[in-house]
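Trainee: Could we walk through this one together, a question at a time?
Mentor: Happily; let's look at it first.

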Amino acid sequence: MLEAKIEEINCEDRISALLEELLVTILLLVPIKDAVATMILSKRWRNIWMMLPRLDYNETNDVNHARDIWWFLDKSLKLHKAPVLEILLISLGRRCPSDANVGNWVEKAVDRGVVVVKFKLRWSAGPTTLPKSLYTCETLKELTLSNKVLVDFPSSSSPSCLPSLEILQLSCVVYKDEESFARFLSSCPVLGTLIVERKKSDNLTNFIVKVPTLWMLWYYNTTWLVDDTDVVDSGSCLVIDTPALIKFDVTDYSRHPWSIGNMPCLEEAYISVDCLSLFDKIITASSAIL
C-alpha cells in the first residue's frame, strides 16, 4: 500500500513538472469549473488555468450549478491572465439574473484579442445590448449571437471595422432597425458565411443581405408556424444580393415575397417554403437559382 502511494505521488510530481504549455493543454480537456478547481492543488497549479486560451461557460440543467454560474463566470474572467483569449463560449438560461453585467464579459474577451465569440442568452429579461467594442474587434473571425441579444451596430463605426470576421450566425436575436443591420453587414469585408434564424418579433420588416464576399447563406424563417393567422405582407420582403454566393439554403414559411438576384456563382440551392407561396417565390427568384 505504501509503495502504491509513493508511486502515486511520483506520478503527480511528474505531471506538475511538465511545461506550462502542456499543463494548459491538459486543462483544455476538462470543464472550466474543474480547470479552475486545480488552483488548490499546489502553488505550481495556482495560475495554470488563468492561461487558458479557451473559456466555455455553459449553464446546465443542474439547478445548483445554474445558481452560481454567473458569479463564477464574473470572478474567473477577472482572474484570467492569458494575453490572448482565443475563444469565449457563453450559454446562459432563464435563471440568469437580469442585473448580470453580461456585456462586461464580452468586452473583456475583446480586450484580449478574441477570435471566436459564441454568446447565447435566454434570460427572462428583455434583449440586451453588447459593448460597442465587439463591433470593432479587429481579431474576431467568428461570431454567434443567440436569443436575448439586441443587435445594435453603432452608427459612428468606420467602414471595415470587423476586418477579420468570416462567419456570422444570428439566431433569434432582435435588431435595432434595418439601417443598423445593413451597417453590420457592410462592415465585414471578408464575410463568407451567414447563418440566420429569425423570429417574428425581430424588429425587421425587410431582411436585406447585400454582401459581395458571401459564399454561403443559410436562412431559416418559420414565423408563420408560430401564428397561423399570418398573411402575405406587401411591406415585408427577403432581399438577397450576393454575387459570390455558391450555396444557398433557405427555409421560409413566412409567406413574405423574395427579391433574389445576382448569383452568377451559385452551385447549390436548397429551398423549403410554405406551399401557398411557393409559386410566387420561385418565379421571383428563378432567374438567380436556375
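**A proline in a loop, and a small sheet**

Mentor: Let's begin with Pro264, which sits in the loop between strand S14 (258–261) and strand S15 (268–273). Keep in mind that this is a predicted model.

Trainee: Is Pro264 buried or exposed?
Mentor: The cut-off for exposed is over 50% relative accessible area. Pro264 has a relative accessible area of 65%, so this loop residue counts as exposed.

Trainee: How far apart in space are Pro264 and Pro243, C-alpha to C-alpha?
Mentor: In sequence, 21 residues separate Pro264 and Pro243. In space, their C-alpha to C-alpha distance is 6.1 Å.

Trainee: Now to the sheet with the order S4-S6-S8: which strands stand at its edges?
Mentor: That open sheet has 3 strands with parallel pairing. Two of the strands have a single partner strand each, so one side of each is left without a neighbour in the sheet. Those edge strands are S4 (128–129) and S8 (174–175).

Trainee: Which residue in S6 stands opposite Thr128?
Mentor: S4 pairs with strand S6 (residues 149–151) in the parallel sense, over 2 bridges. Opposite Thr128, in S6, stands Val149.

Trainee: And for the whole protein, what share of the residues is buried?
Mentor: The protein has 8 helices and 15 strands. Buried here means under 20% relative accessible area. Of the 290 residues, the buried share is 44%.

Trainee: What part of the accessible surface belongs to carbon and sulfur atoms?
Mentor: The accessible surface of the protein comes to about 14900 Å². The part that belongs to carbon and sulfur atoms is 55%.

Key: Residues numbered from 1 in each chain as written. Predicted model: local features only at pLDDT ≥ 70, side-chain atom pairs only at ≥ 80, totals over all residues. Heavy atoms only, no water. Helix = DSSP H or I, 4+ residues; strand = E, 2+ residues; numbered from the N terminus. Buried < 20%, exposed > 50% of the residue type's maximum accessible area, 1.4 Å probe, protein only. Areas by Shrake-Rupley, 256 points an atom, 1.4 Å probe, with all protein chains shown as cover. Pairing = 2+ DSSP bridges.
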